[in-house]
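Take a first look at the model below. Follow the chain with your eye before reading on. We will then walk through it piece by piece.

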Amino acid sequence: RTVTLGTGYSPFHDFLLTLEVEKDVRYPASIKAGVEQRVFECAALRCGISTRPDVVSLGFELAFADFVFGYAAAGHPELGWTQSVELQLRLRP
């Protein structure tokens, strides 16, 4: 069982700060923080950190019309770097 509580704050139109606390019943609580900066209407840069375990993540997103491509990499102290790719197609009614 895991309980998660998070929030986000956008002080500017193209900037987002996030904070999250996650508690698994088997482990100590983990604190996660992230930043997203929209550099253009169609592009965003992201980075984040978390505790327990200490993980650093970096990524970006590119959006064209109804298609979105995202890439991220996360560095774990024991598992090394993990990469992920996101592909989205936005369907409109």
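Start with strand β7, which lies largely in the open, because the number of its 10 residues that are buried is 0. Here buried means under 20% relative accessible area, exposed means over 50%, and partly exposed is in between, using a 1.4 Å probe and protein chains only. Strands are DSSP runs of E with at least two residues, numbered from the N terminus. Keep in mind that this is a predicted model: local features need pLDDT of at least 70, side-chain atom pairs count only at pLDDT 80 or more, and totals for chains, interfaces and linings use all residues. Residues are numbered from 1 along each chain as its sequence is written, and side-chain values use heavy atoms, with hydrogens and water left out.

Where does β7 sit in the sheet? Strand β7 (80-89) is an edge strand, as is β1 (2-12), and each pairs on one side only. Two strands pair if DSSP finds at least two bridges between them. The whole sheet is open and has 7 strands, in the order β1-β2-β3-β4-β5-β6-β7. Its pairing is antiparallel. Neighbouring strands are turned by 15 degrees against each other on average, direction ignored. For such angles, axes are lines fitted to C-alpha atoms, and the values run from 0 to 180 degrees between N-to-C directions.

Now look at how β7 is held in place in the sheet order. Strand β6 (residues 67-76) runs antiparallel to β7, and 10 bridges join the two. One bridge pairs Ala73 with Gln83 in β7. Between β6 and β7 comes a hairpin of 3 residues. Further back, β3 (residues 30-40) and β4 (residues 43-50) also pair in the antiparallel sense, over 8 bridges. There, Ala33 has Ile49 of β4 as its bridge partner.

Which residues make the nonpolar surface patch? They are Leu62, Phe64, Phe69, Val85 and Leu87, and the patch covers about 500 Å². Patch residues have over 30% relative accessible area and no salt bridge; nonpolar side chains (Val, Leu, Ile, Met, Phe, Trp, Tyr) are joined within 5 Å, and like charges within 9 Å. Accessible areas come from the Shrake-Rupley method with a 1.4 Å probe, and for residues only the protein chains shown count as cover. β5 and β7 each supply at least two of the patch residues. Phe69 belongs to strand β6. Phe69 is partly exposed, at a relative accessible area of 32%.

Next, the charged side chains. Side chains of opposite charge can pair when their charged atoms come close. A salt bridge needs a side-chain nitrogen of Lys or Arg within 4 Å of a carboxyl oxygen of Asp or Glu. The whole structure holds 7 salt bridges. In one of them, Glu22 meets Lys32 at 3.4 Å, N to O. Glu22 is in β2 and Lys32 in β3, so this pair ties together parts that are 10 residues apart in sequence.

Glu61 has two such partners to look at. Its closest contact to Arg38 spans 2.9 Å between N and O. That pair links β5, home of Glu61, to β3, home of Arg38, 23 residues apart. Glu61 also forms a salt bridge with Arg46, at 2.8 Å. Here the link runs from β5 to Arg46 in β4, 15 residues apart. Salt bridges that share partners join Glu36, Arg38, Arg46 and Glu61 into one network. Is Glu61 buried or exposed? Glu61 counts as buried, because its relative accessibility is 7%. Arg38 is partly exposed at 25%, and Arg46 is partly exposed at 31%.

Finish with the backbone. Most residues other than glycine have a negative phi, and most peptide bonds are trans. Arg52 has a positive phi of about 50 degrees, although it is not a glycine. A cis peptide bond, with omega about 0 degrees, joins Arg52 to Pro53. Arg52 lies in the loop between β4 and β5, and Pro53 is found in that loop too. Arg52 is exposed, at 57% relative accessibility. Ala65, in the loop between β5 and β6, also has a positive phi, near 55 degrees. Ala65 is exposed at 69%.

How values were computed. Helix = DSSP H or I, 4+ residues; strand = E, 2+ residues; numbered from the N terminus.
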